[in-house]
Amino acid sequence: MMKEKELQELNAKLTQELRRGILVLATLSQLKEAKYGYALINNLAERGLDIEQGTLYPLLRRLESQGLLQSEWNVEGSRPRRYYEISPAGSSLLELLKAEWRDLTTVLDGLLDGTSMRGENNESD
Amino acid sequence: MSLIDRYVYEVGRHLPRKNRSDIQVELRSSLIDALEDRAGQEPTEAEVVELLKEFGPPKTVAASYYPEGQYLIGPPLYPLFRLLAGIVLAAVLGAQLLALGVGYFIAQEPIAPLEAMVGLLNSIPAALGMLVIVFVILQWFEVRPETEGEPWDPVSLPEISESATVNRGERIFGITMGIILLVVLSFFPESIGFVTTFGSELFTNPVIAQYIGLITFSLLFGIGLDVYLLWQGRWGTFTRIAKIAANLLSITILFLLVHGHSAWLAEHGASGFFTALEQLPDSTNGDWQVIGMAAFRMAFGVALIITSLETVVMIFRLVRANLKSGFSPETMPPS
């Protein structure tokens, strides 16, 4: 029998994996306007998605190296800040990912509620 | 802000050189943003410490900038490295054995076992080291072998070889014999020799006594390998290479024994086998010992030939298996 502590640790680990999977979609969705890293973190937090800073900055770099974001330094403020914005390729991908996400949530809702997309009752299997 | 500067510097030490300074500037800027947001313009050291703890250890933060991880030889290159390492290992062992054999049979060079072992110990790390250097360079330049899109047919999957299963009876027999020999060598070294008829005088074998240390080591190695194989239940890459190494050691010892017996027989005026036989009728003045030693030499010679052949076959199979389907231990039957 799994102990409560082990269960909680496993839950934390799997939840982290789940959240990691949606970070790209969440990030791309919020960068239609250029934002610097910390502003994006606040933006996501205000909408209910907390993301660690140590996770976001490398992610932004990776998305940029994949051509999904573009960035430039802004030195007008009190300190230099790197502003990220979704690229045309990123926008196209965002639309595909959004469609995929919606399909997945529909399927998953059906699975979790015990109903099927194709009108079959999974619980009778 | 000195703590933040120290943190950013430390992260930078572990970052990829390519865009290190760029990442450092962004990291510093983000940390100050976060700090100002929480503590205003005059944060306390405790607040800075708390923020940095949230960010995580510098090495961890730096590592997150390597999306594929940091490797000396990364996962895409590793299967190829393993395949080539196996081929190189087998080739080096084979070449050493061949050089030893050629030296002995053709050039009539005396066998120097220690030299041969040292040669192996030097050449294997040197060859593998060169291979590692080549792969580290490939990794550095992010060379990736083209594997995607290759046509693949499940029907072409190799059959599962039953011969990869360890023969338990064979291993237990080997362990038992090894232990018996070890006990004899350790506790009754003075009794190693031969008698002509039951109850007659024991002629000690001076050549075997000379190499007891090496023989003991070889037996211990063999027993250890057999025990490990019994525990594992299947032959693997490591055990196959270890078995080849054990055989090479046995070959070296058998060479020494044959050579030692020949030298002893030559000293006693019976260098050839038939010379020893000619002395058979004259058994009253110790010549029985000559005949016994000649018999020992013949037995060791036969064992030497069998072990050499077995080893060559093992190396050949190892190389062939590697070339055929990667460095898969399951494709080479045990000896």
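## Terms and model

Two strands count as paired when DSSP finds at least two bridges between them; strands (E, at least two residues) and helices (H or I, at least four) are DSSP runs, numbered from the N terminus. This is a predicted model, in which local features need pLDDT of at least 70 and side-chain atom pairs count only at pLDDT 80 or more, while totals for chains, interfaces and linings use all residues. Residues are numbered from 1 along each chain as its sequence is written, chains are lettered from A in the order in which they are written, and side-chain values use heavy atoms, without hydrogens and water.

## The sheet of chain A

Let's start with S2(A) and S3(A), which pair in the antiparallel sense over 6 bridges and form a hairpin with 6 residues between them. Here Glu72(A) stands opposite Tyr83(A).

The open, antiparallel sheet has 3 strands in the order S1-S3-S2. S1 (35-36) and S2 (69-74) are its edge strands, each pairing on one side only. S1(A) is joined to S3 (residues 81-86) by 2 bridges, and Lys35(A) faces Tyr84(A) across that pairing.

## Where the chains meet

Chain B brings 17 residues and chain A 15 to the contact (heavy atoms within 4.5 Å). Across the interface there are 6 salt bridges (a side-chain nitrogen of Lys or Arg within 4 Å of a carboxyl oxygen of Asp or Glu). One of them links Arg79(A) to Asp33(B), with the closest N and O atoms 2.5 Å apart.

On chain B, the elements giving two or more residues to this side are H2 (20-39) and H3 (45-55). H2(B) supplies the largest share, 11 residues.
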